[in-house]
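Subject: Structure handover

Hello,

Here is the structure I promised to pass on. Please open it first, then read my notes below.

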Amino acid sequence: MAREPQHAKQKTKLFQASRMQDCLDSIRESLVEHGALRRSQTMLGSTVGAIEPAYQWAIDQTTDYQQLSKTLKRKHQELQQRIEKTAQEVKESLRVKIEAIFQDAVNAIPSFAKENWNSNEVAMKRGWEQKLNRIRFESRLKTAYKEAGGQFNKEVSEALEAVRNELELVPQSNSTSFRIIQQMGEQFIGQKFLKMSDTIVAISDTIGLGVASTVGGVLTAAGVTMGVIPQICQSKEEKCKAVQKIIESFSENLGFEKQKTLKKTDKYFSESFADVAKKISLYFVQSQEGIEGFARCLESSKSQLYCFKTNLNKAYAKRIIDFCLEKYEPLADAAIQQTIAKVERNLGQHINIFIRPGVKLNKLPPT
């Protein structure tokens, strides 16, 4: 107002009332008396202000990655346990179905024996094949294998989906780890990771080997039987013996083929399940190793930033103490360590300086 034309008559009083000269004198005095200290505050103290956000970011990110690594390890263990349990349940269910299918074949032997007791080898093989077709022996086996593979794939897919959904809840909003979790989730349900088609191929191989072996072996039983059964039976007693011989021979061969099929089925399905578990385990291990690598890098950066911040705070504190000692010396590490024991600083609020014993201050630092 003192500088405005309309207040020209009162400009002296207005200028005095503004205390602008007191302000200018105070600044001039501060520059003369505290100039070196203010420059140190700008160069050293304010630099900590630039480091602090990066340091806090490194702390937050390190915590996120460490937490994520622990969560991945836990979910990996849970998933492996669920896969093992599912595999066992699927194999047991398939075993029950195979035994039921073979039992139906065993139940069909008596009627077949009565119908074919005096047939030649070719006719008996053909009759037995027709009997197996009527009870849908081969098609039911194929269906059982296919359903077992489908059930396992479905259970694993649902387990992976559950893991992905849970992992998305781990990080907080907008963090780097959250973006990594999203990428991992996409791979969890994507064909690139699990490659379910590989499992289906493995199970298809099991079907082909198991069914071909079983049906082939069961049909061979007719040839074995013909070697011990007379072609022509003269009496009712001979006929009964022939029928009984067929029943015993076919039952024995079916029992043998059933055990062989169950053993082969268990082997191939166990290998298929193990292959899926191995792929999942490999992905988890690689992901966890990568995340732990990030965490180690962040931990190293955090340590370096902390070291920078601590050294700068000590250097700034040394300049404050130099002011109080009314002396000036280069900021060498040795000089700082001889004077400053520790610094506690809440940026922008306060700084607590702990000096070494024997350091006597000549005056207090400026406020």
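A word on naming before the findings: helices are DSSP runs of H or I with at least four residues, numbered from the N terminus. By that rule M20 belongs to helix α2, which covers residues 20-116. Please keep in mind that this is a predicted model.

**Overall layout**

The chain has 367 residues, and 38% of them are buried. Its secondary structure comes to nine helices and two strands. Read from the N terminus, the order is α-α-α-α-α-α-α-α-α-β-β.

**The N-terminal end**

Is helix α1 largely in the open or largely buried? Helix α1 spans residues 11-18. Of its eight residues, the number buried is zero, so the helix lies largely in the open. Just after α1 comes R19, with a positive phi of about 60°.

M20 is partly exposed, because its relative accessible area of 38% falls between the 20% limit for buried and the 50% limit for exposed. M20 also takes part in a nonpolar surface patch. Its partners there are F15 and L24, and the patch measures about 240 Å².

**The cores**

Which residues have the most contacts inside the largest nonpolar core? They are L79, F137, F152 and I280, in a core of 47 residues. Four elements give two or more residues to this core: α2, α3 (121-134), α4 (137-167) and α8 (236-325). Helix α8 gives the most, with 16 residues. Another core lies apart from this one. That core has eight residues, among them L325, I336, I340 and V343.

**Aromatic rings**

The structure holds nine aromatic pairs. One of them joins F152 and F273. The ring centres of F152 and F273 are 4.1 Å apart. Their planes meet at 40°, so the pair counts as tilted. F152 sits in helix α4 and F273 in helix α8, so the pair ties together parts that are 121 residues apart in sequence. Both F152 and F273 are buried. The two also belong to one aromatic cluster, together with Y145 and F269.

Two lysines are placed over rings as well. K267 lies over the face of Y268, at 4.7 Å from the ring centre. K342 has its charged end over the ring of F354, 4.8 Å from the centre.

**Two buried positions to look at**

F112 is in helix α2. At 0% relative accessibility, F112 counts as buried. How far apart are F112 and M124 in space, C-alpha to C-alpha? The distance is 9.0 Å, and the two residues are twelve apart in sequence.

A148 is in helix α4. A148 has a relative accessible area of 5%, under the 20% limit, so A148 is buried. The C-alpha atom of A148 is separated by 7.8 Å from that of S93. Along the chain, A148 and S93 are 55 residues apart.

**Where to start**

Begin with F152. F152 is among the residues with the most contacts inside the largest core, and F152 is also part of the aromatic cluster. Then go to α1 for the contrast: none of its residues is buried.

Best wishes

Methods:
Residues are numbered from 1 along each chain as its sequence is written. This is a predicted model: local features need pLDDT of at least 70, side-chain atom pairs count only at pLDDT 80 or more; totals for chains, interfaces and linings use all residues. Side-chain values use heavy atoms; hydrogens and water are left out. Patches are made of residues with over 30% relative accessible area and no salt bridge: like charges are joined within 9 Å, nonpolar side chains (Val, Leu, Ile, Met, Phe, Trp, Tyr) within 5 Å. Accessible areas come from the Shrake-Rupley method with a 1.4 Å probe; for residues, only the protein chains shown count as cover. A salt bridge is a side-chain nitrogen of Lys or Arg within 4 Å of a carboxyl oxygen of Asp or Glu. Buried means under 20% relative accessible area, exposed over 50%, partly exposed in between (1.4 Å probe, protein chains only). A nonpolar core is a set of buried Ala, Val, Leu, Ile, Met, Phe, Trp, Tyr and Cys residues joined through side-chain atoms within 4.5 Å. Rings of Phe, Tyr and Trp (its six-membered ring) pair if their centres lie within 6.5 Å; planes under 30 degrees apart count as stacked, over 60 as edge-to-face and the rest as tilted. A charge sits over a ring if NZ of Lys or CZ of Arg is within 6 Å of the ring centre and within 35 degrees of the ring normal.
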